[in-house]
Amino acid sequence: MALTSFADAGSLSAAERKTLLDAARQSIASGLSGARLTIDVQSYPAALRATRATFVTLHVREELRGCIGSLEPRRALIEDVVDNAYAAAFRDTRFAPLTSADLEHLSVHVSLLSPLAPMRFDSEDDLLRQLRPGVDGLVLGEHHHRGTFLPAVWESLATPREFLNRLKEKAGLPPDYWSASITVERYTVESLSS
């Protein structure tokens, strides 16, 4: 099966965006009935067969109820969304699995990630100066520690210092930790919501 690369996929049409959001909701509905949604990847348009990484974030009555995704593109976009929607609804260990009662108040947000771009910096201050609030998602790594924040997290952590310190904590590091071996990769997202 030949998959289209991210670079070849282009921006999604309104119909393709709707198809992704509908597939995420169908995946959750299937999970509530005790089944996993199966799809025929080849039956979708080329843009939805492109190899892309996604995150699916779920809110019920404005409260976060699940967020699962992939940082590296490994499968077709439509397949990634279907699998991440199911995982966000039923496998995010921070929350109880969704119930049928939650569907009426469920909002689904799909983030389509750009390829990860390694950042170059000489110090923590240099890194902080390069961050673009509201635009950058980050992946921070240090030995076996790793964490990511989607660009949407800037809404609650508005300063680069606060964003970076909380990301370090998410990765299992102290907020004031710094070393020359820390790696940071940047990405942007195309956002879809229903």
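**Figure 1. The whole chain, with six helices and eight strands.** The model shown is predicted. Read from the N terminus, the elements follow the order α-α-α-β-β-α-β-β-α-β-β-α-β-β. The chain has a radius of gyration of 17 Å, close to the 16 Å that the globule rule gives for 194 residues, so it is as compact as a globular protein of that length. The C-alpha trace spans about 50 × 40 × 30 Å along its principal axes.

**Figure 2. Burial, contacts and surface of the chain.** Of the 194 residues, 47% count as buried. Take the contacts between residues at least 6 apart in sequence: 73% of these join residues at least 24 apart. The chain exposes about 9700 Å², and carbon and sulfur atoms supply 51% of that area. Its charged side chains comprise 21 positive and 25 negative ones, and the centres of the two sets lie 2 Å apart.

**Figure 3. Helix α4, residues 77-90.** The 14 residues of α4 should span 20 Å at 1.5 Å a residue, and the end C-alpha atoms are 20 Å apart, which agrees. The helix is mostly covered, with 12 of its 14 residues buried. Among the buried residues are Leu 77, Ile 78, Val 81 and Val 82. Asp 80, Asn 84 and Tyr 86 are also buried, as are Ala 85, Ala 87, Ala 88, Ala 89 and Phe 90. The cover over these buried residues includes two helices, α2 (14-32) and α3 (46-49). It also includes the strands β1 (53-60), β2 (63-69) and β3 (106-113).

**Figure 4. Asp 92, in the loop between α4 and β3.** Asp 92 has a relative accessibility of 6% and therefore counts as buried, the cut-off being under 20%. Neighbours within four places in sequence are left aside here; beyond them, Asp 92 is in contact with Gly 66, Cys 67, Ile 68 and Ala 87. Of these contacts, Ala 87 is one of the buried residues of α4. Gly 66, Cys 67 and Ile 68 fall within β2 (63-69).

**Figure 5. Helix α6, residues 160-170, and the residue Gly 172.** The buried residues of α6 are Phe 163, Leu 164, Asn 165, Leu 167 and Lys 168. Lys 168 is thus listed as buried, and Lys is counted among the positive side chains. What covers the buried residues of α6 includes the helix α5 (124-130). The strands β5 (137-142) and β6 (145-149) are also part of this cover. Just after α6, Gly 172 takes a positive phi of about 90 degrees.

Notes
Residues numbered from 1 in each chain as written. Predicted model: local features only at pLDDT ≥ 70, side-chain atom pairs only at ≥ 80, totals over all residues. Heavy atoms only, no water. Helix = DSSP H or I, 4+ residues; strand = E, 2+ residues; numbered from the N terminus. Expected span 1.5 Å × (residues − 1). Buried < 20%, exposed > 50% of the residue type's maximum accessible area, 1.4 Å probe, protein only. Contact = heavy atoms within 4.5 Å. Rg over C-alpha atoms; globule rule 2.2 N^0.38 Å. Areas by Shrake-Rupley, 256 points an atom, 1.4 Å probe, with all protein chains shown as cover. Charge placed at Lys NZ, Arg CZ, Asp CG, Glu CD.
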